[in-house]
Amino acid sequence: MAEFILDTERVRTTVDNYKRVKSQVEEAAIRANRQVSDVRLMCVTKTVEPQYINPVLDLGADLIGENRVQEYLGKKDALHLDGVERHLIGHLQTNKVRQIVGEVDMIESVDSFRLANEISKQSQKIGTATNVLVEVNVGKEESKSGIYIEELEDLLYSISQLDGVSVKGLMTIPPICDEKEVRKYFERLHRAFVDIKDKRIDNISMELLSMGMSGDYEAAVLEGSNIVRVGSAIFGARKYF
Ligand SMILES: *Cc1c(COP(=O)(O)O)cnc(C)c1O
């Protein structure tokens, strides 16, 4: 059996990274004339082993994001999850919904009525409703999931009929581009978020705007994000397995 070796240098770097990112998010909030408590930092833990996640959770990180159902279910028991909120942020196939409902606090990647309907069905089976965000493809990129801004309102009206899901806001992954360009995408989604909030659709609340990753979280905070999802800037470059 392979011996378990903890890379203490990597633990130290991870903890330092977390503290730095946390304070940069706070500084961005202040620069944007917002409350520090208004912006949450999500630690994106996909591909990271529990021994490098737990030191950050022990420091008080209270929100994690995972991409894959199987990976999350396989490692959750090894994580220090007391008081930690868990979000699924990766593309979700309808045939995996049954396994993840009840295991996470939010699914951020709802991009079709079909998926929302399945989440609703499986949630009602276990006597709950699942909090979700609707994923928007702000750059209309073929390679990305998410719906277009133009389709958002219709989708929200349909989802609002479902008893087993509760929409809490929007999520996006913008195209890879420079800071000026990315701020335009964030601004566009923020505007849609505010417009929909003003419509006061039954059973749809617009509280959470999840945007910003390692390369652009400061820009996202300046444009109104209240959840930034940061992976590699905390845990280092990902090694996919
Ligand atoms: C991987 C991932 C992130 C984090 O990406 P980094 O660039 O490593 O910070 C954020 N959101 C989603 C949906 C992801 O899949």
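This report describes selected helices, residues and the largest pocket of one protein chain. The structure is a predicted model, and residues are numbered from 1 along the chain.

**Two helices and their surroundings**

Helix α1 covers residues 8–31 and contains 24 residues. At 1.5 Å a residue, helix α1 should span 34 Å, and its end C-alpha atoms are 35 Å apart, which agrees. Several residues of α1 are buried, among them Val11, Val15, Tyr18, Val21 and Val25. Polar and charged names also appear in the buried set of α1, including Arg10, Thr14 and Asn17. The elements that cover the buried residues of α1 include strand β1, α2 (50–58), α8 (217–222), β8 (227–230) and α9 (232–235).

Helix α5 has 13 residues, numbered 113–125. From its first C-alpha to its last, helix α5 reaches 18 Å, close to the 18 Å expected at 1.5 Å a residue. In α5 the buried residues are Leu115, Ala116, Glu118, Ile119, Ser120, Gln122 and Ser123. Their cover includes α4 (97–100), β4 (106–110), β5 (130–136), α6 (149–159) and β6 (165–172). Just after α5 comes Gly127, with a positive phi of about 70 degrees.

**Cys43 and the cysteines**

Cys43 is placed in strand β1, which comprises residues 40–44. Is Cys43 buried or exposed? With a relative accessible area of 1%, Cys43 counts as buried, because buried means under 20%. Beyond its neighbours within four places in sequence, Cys43 is in contact with Tyr18, Val56, Ala61, Leu63, Ile64, Gly65, Val230, Ile234 and Phe235. One of these partners, Tyr18, is a buried residue of α1. The C-alpha atom of Cys43 is separated by 5.9 Å from that of Gly231, although the two residues are 188 residues apart along the chain.

Another cysteine, Cys177, is partly exposed at 32% relative accessibility. For disulfides, the count comes to zero.

**Accessibility and backbone angles**

Glu71 lies in helix α3, residues 69–75. Its C-alpha atom and that of Thr47, 24 residues away along the chain, are separated by 7.9 Å. Glu71 has a relative accessible area of 14% and is therefore buried, since the cut-off is under 20%.

Which residues other than glycine have a positive phi in the loop between α7 and β7? Two examples are Arg200, with phi of about 45 degrees, and Asn203, with phi near 65 degrees. Arg200 lies in the loop between α7 (179–199) and β7 (204–210), and Asn203 is found in that loop as well. Arg200 is exposed because its relative accessible area of 72% is over 50%. Asn203, at 38%, falls in between the two cut-offs and so is partly exposed.

The table gathers the accessibility values of the residues discussed.

| Residue | Relative accessible area | Class |
|---|---|---|
| Cys43 | 1% | buried |
| Glu71 | 14% | buried |
| Cys177 | 32% | partly exposed |
| Asn203 | 38% | partly exposed |
| Arg200 | 72% | exposed |

**The largest pocket**

What is the volume of the largest pocket? The volume is about 320 Å³. The lining of the largest pocket consists of 19 residues, and those nearest its centre are Lys46, Asn67, Ile89, Ile173 and Met213. By class, the lining has six nonpolar, eight polar and five charged residues.

Technical notes: Predicted model: local features only at pLDDT ≥ 70, side-chain atom pairs only at ≥ 80, totals over all residues. Heavy atoms only, no water. Helix = DSSP H or I, 4+ residues; strand = E, 2+ residues; numbered from the N terminus. Buried < 20%, exposed > 50% of the residue type's maximum accessible area, 1.4 Å probe, protein only. Contact = heavy atoms within 4.5 Å. Expected span 1.5 Å × (residues − 1). 1 Å grid on protein atoms, 1.4 Å probe; cavity = no way out; pocket = protein on both sides within 12 Å on 5 of 7 lines; lining within 4 Å. Points joined across faces, edges and corners; volume = space filled by probe spheres on them. Disulfide = S-S within 2.5 Å.
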